[in-house]
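Hello,

Here is the structure I promised to pass on to you. Please open it alongside this message, and my notes on it follow below.

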Amino acid sequence: MELVVFYVAAAVAVVSALVAVSHRSPVVNVLSLVITFFCVAVNYALLGASFLAAAQILVYAGAILVLFLFVVMLLNAPSEQPSPEPRPVQRIAGLALAAITGGGAVFLLLAVHVTPGVAPIDGNAAALGRLLVGPYLFAFELISVLLLAALVGALVLVKRKH
Amino acid sequence: MAIPTTHFVILASLLFAIGAGGVLLRRSGISILLGIELMLNAANLTLAAYSRQHGQLDGQVFVFFVMAVAAAEVAVGLALLVAIYRRIQSIDVDRLSIMRW
């Protein structure tokens, strides 16, 4: 049963990811990436990471992609036109590099010996929170500084000069 | 029956390759940022998968941190896009050559 859910989620994720990077309309790109992120959230749930599944939907599908959609509307971004000068070398090189990246990742990760035993864990909010304010307290505080810096940086970048 | 870790790893690699292809082949700035998001998600999925493999929650904490960094990156990246659009009225990265020497 779990395996069926995984295969369905994986297939939908890959197809919608392909649409997200290949369709010319930016709105279609963003909306199909929402579907991919939902499928990744399903995968988190299958992995026993219930908090991450909720955070994935809230932060990625909710906040980040709405921000993307907002910018697409704000800039009135047109659909990407075919390049005036076709550059077959760059296109083939880009596809090859992407294939090498993905294939190399599969190769390297599968070369690592994976013991068949899978330990059941429960990544609920309480367990993660205990780690966050325990061993990872310093990183947790740094993240808040980083987010503040990003907020100020974004404001400064889009500020109009008077 | 639990799903083997390798299944998640292969799915993550596929998503990463698709994201990398998007970054390398697209010319719209927004699509490039979307490709980066896809690659970050693939890395997150691997972290969560190995977190379960080893029975430790630390991997999931790292996913949480990556999500926060991704949110910061998107905010700055989209602000840069808006600033670029104001300057050259386009988000086509091919037309963005003002910093080329």
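Let's begin where the two chains meet: 69 residues of chain A and 64 residues of chain B take part in the contact. Please keep in mind throughout that this is a predicted model. On the side of chain B that touches chain A, helix H1 (5-25), helix H2 (29-54) and helix H3 (58-88) each provide at least two residues. H3(B) has the largest share of that side, with 22 residues. Sorted by class, the residues on this side of chain B are 43 nonpolar, 16 polar and five charged.

Two helix pairs are good places to look next.

The first is H1(A) with H1(B), whose axes are 9 Å apart and pack at an angle of about 5 degrees. Angles under 35 degrees count as roughly parallel, and H1(A) and H1(B) are therefore roughly parallel to each other. From H1(A), the residues making the contact include Phe6(A), Val14(A) and Leu18(A), and from H1(B) they include His7(B), Leu11(B) and Ile18(B). The contact of H1(A) with H1(B) has 11 nonpolar residues, four polar ones and no charged ones.

The second is H3(A) with H3(B). Here the axes come within 11 Å and cross at roughly 5 degrees, which makes H3(A) roughly parallel to H3(B). Among the residues that make this contact are Leu52(A), Ile64(A) and Leu67(A) on H3(A), and Gln60(B), Phe64(B) and Tyr85(B) on H3(B). By class, the contact of H3(A) with H3(B) has 19 nonpolar residues, one polar residue and no charged residues.

Now for the inside. The largest nonpolar core contains 73 residues, and Leu15(B), Leu38(B) and Ala48(B) are those with the most contacts inside it. Both chains feed this core: helix H1 (2-22), helix H2 (26-46), helix H3 (50-75), helix H4 (88-111) and helix H6 (137-158) of chain A each supply at least two residues, and so do H1, H2 and H3 of chain B. With 13 residues, H2(B) gives the most to this core. From chain A, domain 1 (1-79) and domain 2 (124-162) each contribute at least three residues to this core.

If you would like one core residue to click on, try Ala48(B). Leaving out residues up to four places away in sequence, Ala48(B) touches Tyr44(A), Leu47(A), Ala49(A) and Leu52(A) from chain A, and Gly59(B), Gln60(B) and Val63(B) from chain B.

A few words on chain A as a whole. Chain A has six helices and zero strands. Of the 162 residues in chain A, 28% are buried. Looking at contacts in chain A between residues at least 6 apart in sequence, 58% join residues at least 24 apart. The domain assignment of chain A gives domain 1 (1-79) and domain 2 (124-162), and the C-alpha centres of these two domains of chain A lie 23 Å apart.

Finally, here are three single residues to visit.

Asn44(B) sits in helix H2 of chain B. Is Asn44(B) buried or exposed? Asn44(B) counts as buried, because it has 28 C-beta neighbours inside 10 Å and 20 or more are needed for that label. Apart from its neighbours within four places in sequence, Asn44(B) is in contact with Val63(B) and Val66(B). From Asn44(B) to Leu78(B) the C-alpha distance is 22 Å, with their positions 34 residues apart in sequence.

Ala127(A) belongs to helix H5 (residues 125-132) of chain A. Ala127(A) has 16 C-beta neighbours inside 10 Å and so counts as partly exposed. Not counting residues up to four places away in sequence, Ala127(A) touches Asp122(A) and Leu57(B). The C-alpha atoms of Ala127(A) and Ser16(A) are separated by 32 Å, and the two residues are 111 residues apart along the chain.

Gln89(B) lies in the segment after H3 of chain B. Gln89(B) is not a glycine, yet it has a positive phi of about 55 degrees. With 9 C-beta neighbours inside 10 Å, Gln89(B) counts as exposed.

Enjoy exploring, and write back whenever you like.

Best wishes

Conventions
Residues are numbered from 1 along each chain as its sequence is written. Chains are lettered from A and ligands numbered from 1 in the order in which they are written. This is a predicted model: local features need pLDDT of at least 70, side-chain atom pairs count only at pLDDT 80 or more; totals for chains, interfaces and linings use all residues. Two residues are in contact if their C-beta atoms, placed from the backbone, lie within 7 Å. Helices (H or I, at least four residues) and strands (E, at least two) are DSSP runs, numbered from the N terminus. Ala, Val, Leu, Ile, Met, Phe, Trp, Tyr, Cys and Pro count as nonpolar, Asp, Glu, Lys and Arg as charged, and the others, Gly among them, as polar. A nonpolar core is a set of buried Ala, Val, Leu, Ile, Met, Phe, Trp, Tyr and Cys residues joined through C-beta atoms within 7 Å. A residue is buried if 20 or more other C-beta atoms lie within 10 Å of its own, exposed if 12 or fewer, and partly exposed in between; C-beta atoms are placed from the backbone. Domain bounds come from an automatic or database domain assignment. Axes are lines fitted to C-alpha atoms, for helices over the stretch in contact, and angles run from 0 to 180 degrees between N-to-C directions. Angles under 35 degrees count as roughly parallel, over 145 as roughly antiparallel, 65 to 115 as roughly perpendicular and the rest as oblique.
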